[in-house]
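Please open the structure in a viewer and keep the sequence panel visible. This tour proposes a series of selections and describes what is found at each one.

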Amino acid sequence: TIENAITLQQKAWKLLGRGKLTEARDAITEALRLFELLEGKESPDVANLLNDLADIGDRLERHSIALKLAARSIKITDKLGRAFSGEEASMIRARSRSIIGTIHREKGDYAQAELFLKEALKINRRQFGPEDSEVASAENNLAVVYKYSGHFKKGLKLYESALIKLKAAFGDEGLPLGPVYHNIAGILHAAGFFKEAEEPGLRAWDISTKHLGPSHPQTIADASAYAAILDSLGRYKESEPIYKRSLKVFEKLYGPENYEISVNLNNLGALKTAQGKAVEAEDYYRRSIAMTEKLLGRNHPDVALCCNNLASLMSAQGRTREAIKLYERALKIFSRRLKPDHPKVLLVQENLEAAREKRA
């Protein structure tokens with residue numbers, strides 16, 4: 001019955017809240033089967049459940065499957081047209097585009113990500129008005145793309161706009177504010193404003209701990225992001241235990257290979273480099289590169305970032321020839337995805353030139 005399907009969907013949402021992704025996926029899959037049987041394969045409920053499955057697929061890093069599921073949701077809502085309208089319709093339409101945009105961003109396809117996330121923002125603004133929390137969520141998602149593409153001012157402006165709306169809706173300590181504080185800290189960190197990033201980074205961690213508990217995936221992600229800020233401030237004794245605990249939690253939740261694990265490995269490599277522990281640093285970097293290549297492909301920007309870090313370690317050890325090859329690989333990857341004046345492109349160019357001069 002419809003009631004059975006709804007119960008399964010609600011069960012899945014609770015499982016998602018506890019970070020139990022595979023169990024949530026199984027419950028949504030069964031709910032989808034029931035809705036397709038009872039309502040047909042092109043109903044609004046089917047489109048909504050396809051988004052749920054796509055979201056879970058993205059979190060499980062099954063990006064190609066998630067893209068197909070979200071695209072099928074869009075196809076259904078497009079076919080329904082004006083017959084399917086109102087707040088629920090807009091939320092489903094915006095969410096499918098948000099999921100697709102987020103996946104493109106995770107894959108490093110920033111132009112495609114911006115296109116879909118702008119469309120999601122447009123849908124929400126049209127339906128809910130400019131000050132709604134749904135608009136804030138869409139602004140936050142789009143701002144993340146601007147962080148990675150190096151448009152820091154545009155990203156900060158969107159984050160600040162989202163924060164105002166969410167404070168009005170949920171208060172100063174509401175759970176939805178946590179991801180925005182996390183992202184504000186991230187964009188400030190990426191722009192080199194390390195001290196300014198500390199307060200919003202710590203606030204994000206505090207909010208998720210308060211609402212979700214210390215071992216929830218979001219809490220651990222906030223902790224890891226804050227640890228990266230501590231690294232930039234030279235506070236390695238504080239950051240190292242955070243990274244190691246984060247690795248244990250993520251491995252327990254997701255298994256031995258996951259994007260969050262690869263990020264923490266790279267961060268531990270940077271930490272060990274700063275501590276002068278070159279052998280450990282190289283091991284962490286190589287593990288991070290191998291895992292990121294497997295999960296996201298050999299030409300993902302995160303691979304380039306870790307190659308640059310490993311190259312810097314090698315250059316400091318006098319392994320200049322190896323360092324140059326890694327710098328060249330990093331520059332090639334970044335140049336395909338980022339503009340010539342992006343800070344990461346400029347950094348790798350500077351490092352490569354210094355290594356070549358050193359070899360000469």
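**Charged pairs, a central helix and the cores**

Begin by selecting Asp 26 and Arg 25, whose side chains meet in a salt bridge with an N to O distance of 3.6 Å. The model is a predicted one. Asp 26 has 46% relative accessibility and therefore counts as partly exposed. Arg 25 is likewise partly exposed, with a relative accessible area of 23%.

Next, select Arg 203 and Glu 173, another salt bridge, at 3.2 Å from N to O. This pair links distant parts of the chain: Arg 203 belongs to helix α10 (residues 194–212), while Glu 173 sits in the loop between α8 and α9, 30 residues apart. Arg 203, at 24% relative accessibility, is partly exposed. Glu 173 is also partly exposed, at 34%.

Then select Glu 257 and Lys 294, where the side chains form a salt bridge of 3.0 Å, N to O. Glu 257 lies in the loop between α12 (236–254) and α13, and Lys 294 lies in helix α14 (residues 278–296), so the salt bridge ties together parts 37 residues apart in sequence. Glu 257 has a relative accessible area of 36% and is partly exposed, whereas Lys 294, at 60% relative accessibility, counts as exposed.

To see a network of salt bridges, select Asp 52, Asp 55, Arg 59 and Arg 95, which are linked in this way. The count of salt bridges in the model comes to 28.

**Helix α7**

Now select residues 133–149, which form helix α7. Its 17 residues reach 25 Å from the first C-alpha to the last, close to the 24 Å expected at 1.5 Å a residue. At the N-terminal end, display the side chain of Asp 132: one of its oxygens lies 2.8 Å from the backbone nitrogen of Glu 134, and Asp 132 thereby caps α7. Beyond the other end, just after α7, select Gly 150, which takes a positive phi of about 90 degrees.

How many of the 17 residues of α7 are buried? The number is 12, so the helix is largely enclosed by the rest of the structure. The buried residues include Val 135, Glu 139, Asn 140, Leu 142, Tyr 146 and Ser 149. To view what covers the buried residues, add α5 (87–106), α6 (110–128), α8 (152–170), α9 (177–190) and α13 (259–274), which are among the covering elements.

**The nonpolar cores**

In soluble globular proteins, nonpolar side chains tend to be buried together. Select Tyr 159, Leu 310 and Tyr 327: of the 54 residues in the largest nonpolar core, these touch the most other members. Helix α7 gives the most to this core, with 9 residues. Apart from this core lies another, of 32 residues, with Leu 21, Ala 24, Ala 27 and Ile 28 among them.

Return to Tyr 327 and display its surroundings. Leaving aside neighbours within four places in sequence, Tyr 327 is in contact with Asn 308, Ala 311, Ser 312, Ser 315, Val 348, Asn 351, Leu 352 and Ala 355.

**A lysine in helix α13**

Finally, select Lys 272, found in helix α13. Is this lysine, Lys 272, buried or exposed? Its relative accessibility is 3%, so Lys 272 counts as buried. Not counting residues up to four places away in sequence, Lys 272 touches Glu 240, Lys 277, Glu 280, Ala 281 and Tyr 284.

Key:
Residues are numbered from 1 along each chain as its sequence is written. This is a predicted model: local features need pLDDT of at least 70, side-chain atom pairs count only at pLDDT 80 or more; totals for chains, interfaces and linings use all residues. Side-chain values use heavy atoms; hydrogens and water are left out. Helices (H or I, at least four residues) and strands (E, at least two) are DSSP runs, numbered from the N terminus. The expected span of a helix is 1.5 Å times one less than its number of residues. Buried means under 20% relative accessible area, exposed over 50%, partly exposed in between (1.4 Å probe, protein chains only). Contact means heavy atoms within 4.5 Å. A polar contact is a pair of N or O atoms within 3.5 Å; within protein, one must be able to donate a hydrogen and the other to accept it, and residues adjacent in sequence count only if both atoms are side-chain atoms. A nonpolar core is a set of buried Ala, Val, Leu, Ile, Met, Phe, Trp, Tyr and Cys residues joined through side-chain atoms within 4.5 Å. A salt bridge is a side-chain nitrogen of Lys or Arg within 4 Å of a carboxyl oxygen of Asp or Glu.
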